[in-house]
Amino acid sequence: MKVLVVGSGGREHALAWKIAQSKLADKIFCAPGNGGISDQAECIDIKADNIFGLLEFAHSEKIDLTVVGPEAPLAAGIVDQFRSHKLNIFGPVKKAAQLEGSKVFSKELMAKYDVPTAAFKVFDNADEANRYIEKNGAPCVVKADGLAQGKGVVVAGTVDEAKAAVTLMMQKNAFGDAGRRIIVEDCLAGEEASIIVLTDSREVIPLASSQDHKRIFDNDAGPNTGGMGAYSPAPVVTDNLFKEIMDKVIYRTIDGLAKEGIKYNGVLYAGIMITKDGPKVLEFNVRFGDPETQAILPRLNSDLLEAMLAVSSDNLSKLVKAGGLKWVSRSCVSVVCASGGYPGNYEKGKLISGLDEARKLPDIVVFHSGTKKQEEKYFTSGGRVLGVTGLGNTIKEAITNTYNAVKKISFDGMHYRTDIAKKSLGTVL
């Protein structure tokens, strides 16, 4: 069968890489793809938000399944469009995609259906938001309502920082329409984990747990990014805690959507803060996480394409009866190599060296995020450039293997965190 993967990042490279291992996949396309994805798929020059162009391509190439990577086309209704043209696609419809596309929708749904999350208040007026912040104090979290490429969240340690975030979003319009409404919520303390599931709205199959590292610098310092690395499994998610998250977060959310008349097919991602009062939702995403996907899929010992087809055809019960997805017992760590200056301004077009040496190491795969291929050479073309990923029999071995590979790679201004997954060493060796 023919598969089209939509997107251009490390997540999409990991998806194409895993789908290519399926016995069902005859031909994989990726739109627009990147330099590294061309090893697994034919890259097509159609942007991920060009829904009409993607629709036209899927028709002309007789694509059997389209897999949507990023959130923007999902929020814009690509699934609705494809289905109206009788084209098979993996992902939630536009109404369901509001879970990520609108933080206000998400928080209000959680409040209505008793999904644990931080206390919050919604504002469409900057002065009112500032008065609330002055009254309630800090720390607090200020969030733009709409999509902001993972950068519309400010964890403010002081009242002044919180008010500066309000100014940035609502008065300076740093995120455009996404910041017309904001949420100010309590700042949760604890350890984060990512729980990602496949669902056809009736059945749910979880993926392996993982943990993302959002801040740009070691020890979780500096501004938030799209993610600087991840590892799987996350030892903080014990069996009992996992069951609690499934019961109180995943099932309540899917059931709540159904009660609102919204059927959810695709991936549901819950960013969880494990607090002293139990797990609480930080955010929902309606697609595979990036970079969590890069740390999860190398551990998957099942046919991902088969599972996606089951989700898109409302037939997940068959896979559930067969025992769900199978996982290797090994650990996986993925470290993001980013451009100097990211998540702020950065330069592109830097020659990347050492990729062949890194890939030759055992248990290593290098996922490309922001790269361009020219005459068999790779150059940087984004903020997050590579996701260097390694397996190990223990988390400690996976860390060692991954950083040994990272040290083989270089480009001008390359930056990476040196502590990805190291917080897990106190829990599991």
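Ala, Val, Leu, Ile, Met, Phe, Trp, Tyr, Cys and Pro count as nonpolar, Asp, Glu, Lys and Arg as charged, and the others, Gly among them, as polar. Heads up before the close-ups: this is a predicted model, where local features need pLDDT of at least 70 and side-chain atom pairs count only at pLDDT 80 or more, while totals for chains, interfaces and linings use all residues. Residues are numbered from 1 along each chain as its sequence is written, and side-chain values use heavy atoms, with hydrogens and water left out.

**View 1. Here are the residues around the second largest pocket.**
On a 1 Å grid over the protein atoms alone, a pocket is an open set of points with protein on both sides within 12 Å along at least five of seven lines, a cavity is a set where a 1.4 Å probe fits but cannot get out, and lining residues have an atom within 4 Å of a point. Walking along the chain, the lining takes in Lys 151, Val 153, Val 154 and Val 155, then Ala 165, Leu 168 and Phe 175. Further along come Arg 215, Gly 222, Pro 223, Asn 224 and Pro 343. Sorted by class, that makes eight nonpolar, two polar and two charged residues. Strands β8 (153-156) and β14 (221-224) and helix α8 (159-171) are the elements that give two or more residues to this lining. (Helices, H or I of at least four residues, and strands, E of at least two, are DSSP runs numbered from the N terminus.) As for Pro 343, the peptide bond leading into it from Tyr 342 is cis, with omega near 10 degrees. You'll find Pro 343 in the loop between β18 and α13.

**View 2. Now for the lining of the largest cavity.**
Val 68, Leu 74, Phe 90, Gly 91 and Pro 92 contribute to this lining, and so do Val 267, Val 286, Arg 287 and Phe 288. Seven of the lining residues are nonpolar, one is polar and one is charged.

**View 3. Helices α1 and α6 are both well covered.**
Residues with under 20% relative accessible area are buried, those over 50% are exposed, and those in between are partly exposed (1.4 Å probe, protein chains only). Helix α1 runs over residues 10-19 and is largely enclosed by the rest of the structure, because 10 of its 10 residues are buried. Those buried residues include Arg 11, Glu 12 and Lys 18 as well as Leu 15, Trp 17 and Ile 19. In helix α6 (residues 103-112), seven of 10 residues are buried. They are Lys 103, Val 104, Phe 105, Ser 106, Lys 107, Leu 109 and Met 110. After α6 comes Asp 114, which has a positive phi, near 60 degrees.

**View 4. This one looks into the largest nonpolar core, with 51 residues.**
In soluble globular proteins, nonpolar side chains tend to be buried together. A nonpolar core here is a set of buried Ala, Val, Leu, Ile, Met, Phe, Trp, Tyr and Cys residues joined through side-chain atoms within 4.5 Å. The members that touch the most others are Ile 78, Leu 99, Val 249 and Ile 250. Helix α9 (residues 239-259) gives the most to this core, with seven residues. Apart from this core lies another, of 37 residues, with Val 67, Ile 196, Leu 297 and Ala 310 among them. Back at Ile 250, and leaving aside neighbours within four places in sequence, its contacts are Ile 195, Val 197, Val 204, Ile 245, Leu 268 and Ala 270; contact means heavy atoms within 4.5 Å.

**View 5. Two loop residues, Asp 124 and Ser 339, make a nice contrast: one is exposed, the other buried.**
Asp 124 sits in the loop between β6 (120-123) and α7 (126-136). It counts as exposed because its relative accessibility is 59%. Neighbours within four places aside, Asp 124 is in contact with Met 170, Arg 180 and Arg 181. Its C-alpha is 13 Å from that of Asn 173, with their positions 49 residues apart in sequence. Ser 339 belongs to the loop between β18 (331-338) and α13 (355-359). At just 3% relative accessibility, Ser 339 counts as buried. Beyond four places in sequence, its contacts include Tyr 346, Glu 347, Thr 380 and Phe 411.

**View 6. Last stop: backbone details in three loops, at Pro 139, Asn 219 and Asp 363.**
Pro 139 lies between α7 and β7 (140-144), and the peptide bond from Ala 138 to Pro 139 is cis, with omega near 5 degrees. Asn 219 isn't a glycine, yet its phi is positive, about 60 degrees. This Asn 219 is in the loop between β13 (215-217) and β14, and it counts as exposed at 68% relative accessibility. Asp 363, also not a glycine, has a positive phi of about 65 degrees. Its loop joins α13 and β19 (364-368), and Asp 363 counts as partly exposed at 36%.
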